[in-house]
Amino acid sequence: MTLNANHEKRESEFPSDVAKAVQDRVKLLTPPSSFEYLWHLYQQSNRGNQKAGHLLKSTKRRKWILSLNVVVLCLVFVFGAGMISQTFGATLKKIPFIELLYKHSGGLPNGLEQIDQKNLSTSVNLSATNKDIKFSIVDVFYDGFQIVINYEVDFLNTQTKLTSEDATMNYDYKIEGAHPTMISTHVFTITGDHTFVGTTLIDTATLPDHPEITMSVNQIGNTKGNWKVTVPLSSEKSSRLTTTFHPVISAAYKNKTITVKKITFTPVTTQLEIKSKERDLSFKIKDDLETPFEYAGGRGGNGEHFLSFSPVSLINPKPRFLTLVIMDTSGVTVNQKNVYADYTDKFPLTMQGYNGGFIKITNVEFLADTTIVYYEASDANNQTPFLMFQDSSGKRYSYNKHPIRLSRDTFSYKLQFPKLDSVSGLKFLMPIDVFEEEPKKPLEIKIPLNWGD
């Protein structure tokens, strides 16, 4: 499998097995988008004057997000050597792999930062050298559902400085007895004249005991060769912070039974195991404060669905219950309009939200390497607007980290954007989607959680 950057590749250009995997992944990602908005429209139609909102992206917006984030087409970001040091080893110790991943990938589900904050990865020192290039795996993380591999590449015996063309790789990976689903994203970062580092995220099914993953690299930059490294995986560190529930709660939908068999909370992932023979359904979860969980991918087959979401929020680490909301979103038509608001340094700044709701921007911080927006939503259904910046040149900036809730009592959030190139003529932009048909009634399943406290 070739995994170097090529944004414009189409699924048909990949080998058949990869193209099928792309289609399966997109199919899993697409329904929750449509579902979210249908869910809120349904809430509006059943709550009279209550304001229903939007956690869902429209068809156009969904395609844009998928092209950005479903990086089976492997969107790779390479940026300048801003962290050069005399020895690569010294540089490596200072590299915030997960921070770089968030900064340059765009819209990844929150939670991966816990790997660094709680020291959940395992340091390794395994390498392979070929054609005067050394490929080394630095450390790995595994929690039973996600694998994060951090690696370094050192061009030995060369006097030429690396370019963005050099800081790429073609590679494949394999786990004996298991089939990881798809690569979520990866990032390559130049760190010195002759070195670059990378991070790869892999979603995975249940693995055998004591799994090992093998990365096989056949090309680095323009150099073809053979670099193969096998790394053992262990979930020991994350398992100490992992809690599993077996609710076995069932409900009927469309004359089919849906059963919630298992919920697992790890430091970076919430995964649900659901049994249902019904296909083409969308699944979403929220906690007892109505905080939505970000969808992070999934897989299914033979009546089993394995759905990954972001971890619990920091302000509500042990919710009393979760609500699973299920809807059939087939055959839905979505229209879209854009709402704009000129940026000023006077707050609050109120923007029209979804179905009569609104968001109130309370502050903006322009920091050295990022931009932070603080806002408060009028209701639960406007909590996660697809808010963007647009400057005078028409360039748009999307957030690179999903909204983080700041209060248990209000729908107050902060939203992280990259550093803006210019604040001249700056505007806020928020797409609003409108469905033409009345949404179908969703099924809600309340799942009590007893944390034993």
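What is the volume of the largest cavity?

## Cavities in the model

In this predicted model, the largest cavity has a volume of about 80 Å³, and the count of cavities of 30 Å³ or more comes to five. The lining of the largest cavity is made up of 11 residues, and those that lie nearest its centre are Asp203, Thr204, Gln271, Gly298 and Ser308.

Two strands, E14 (295–301) and E15 (304–309), each supply at least two residues of that lining. Strand E14 gives the largest share of the lining, with four residues.

## Confidence along the chain

The pLDDT averages 78 over the chain, and 77% of the residues score at least 70. Two stretches call for separate mention. Over residues 1–37 the pLDDT stays under 50, and for this stretch the model has 91 contacts beyond four places in sequence. Over residues 39–93 the pLDDT likewise stays under 50, and here the model has 168 contacts beyond four places in sequence.

## Strand E11 and its partners

Strand E11 covers residues 256–265 and includes Thr259. Strand E9 (residues 243–245) is joined to E11 by three bridges in an antiparallel arrangement, in which Phe245 stands opposite Ile263 of E11. Strand E10 (residues 249–253) also pairs with E11 in the antiparallel sense, over five bridges, and these two strands form a hairpin with two residues between them, where Lys254 in the turn has a positive phi of about 55 degrees. On the following side in sequence, E11 pairs with strand E12 (residues 270–275) over six bridges, again in the antiparallel sense. The hairpin of E11 and E12 has four residues between its strands, and Ile263, which stands opposite Phe245 of E9, also stands opposite Leu272 in E12.

Is Thr259 buried or exposed? Its relative accessible area is 13%, and Thr259 is therefore buried. Apart from neighbours within four places in sequence, Thr259 is in contact with Val248, Ile249, Ser250, Glu273, Ile274 and Lys275. Of these contacts, Ser250 is also the residue that stands opposite Thr259 in the pairing of E10 with E11.

## Strands E1 and E2, and Lys228

Strand E1 (residues 122–130) and strand E2 (residues 133–142) run antiparallel and are joined by seven bridges, with Thr122 standing opposite Val140 of E2. The hairpin that they form has two residues between the strands, and Lys131 takes a positive phi near 55 degrees there.

Lys228, whose place is in strand E8 (residues 223–232), lies 92 residues from Ser136 in sequence, while the C-alpha atoms of the two residues are 9.5 Å apart in space. When residues up to four places away in sequence are not counted, Lys228 touches Ala128, Thr214, Met215 and Ser216. With a relative accessible area of 53%, Lys228 is exposed.

## A sheet of three strands

Strands E13, E16 and E26 form an open sheet in the order E13-E16-E26, and the pairing is antiparallel. Why is one side of E13 and of E26 left without a neighbour in this sheet? Strand E13 (281–287) and strand E26 (443–448) stand at the edges, and each has a single partner strand, so one side of each remains without a neighbour in the sheet. From one strand to the next, the twist averages 20 degrees.

Strand E16 (residues 321–328) pairs with E26 in the antiparallel sense over six bridges, and within this pairing Ile326 stands opposite Leu443 of E26.

## A sheet of five strands

Another open sheet consists of five strands in the order E18-E19-E20-E24-E23, with antiparallel pairing. Its edge strands are E18 (349–352) and E23 (401–405), each of which pairs on one side only. The twist in this sheet averages 30 degrees from one strand to the next.

At one of these edges, strand E23 is joined to strand E24 (residues 412–418) by three bridges, and the two run antiparallel. Ile404 has Lys414 of E24 as its bridge partner.

Key. Residues are numbered from 1 along each chain as its sequence is written. This is a predicted model: local features need pLDDT of at least 70, side-chain atom pairs count only at pLDDT 80 or more; totals for chains, interfaces and linings use all residues. Side-chain values use heavy atoms; hydrogens and water are left out. Two strands pair if DSSP finds at least two bridges between them. Axes are lines fitted to C-alpha atoms, for helices over the stretch in contact, and angles run from 0 to 180 degrees between N-to-C directions. pLDDT is the predictor's confidence in each residue, from 0 to 100. Contact means heavy atoms within 4.5 Å. Buried means under 20% relative accessible area, exposed over 50%, partly exposed in between (1.4 Å probe, protein chains only). On a 1 Å grid over the protein atoms alone, a cavity is a set of points where a 1.4 Å probe fits but cannot get out, and a pocket is an open set with protein on both sides within 12 Å along at least five of seven lines; lining residues have an atom within 4 Å of a point. Grid points are joined across faces, edges and corners, and a volume is the space filled by probe spheres set on the points.
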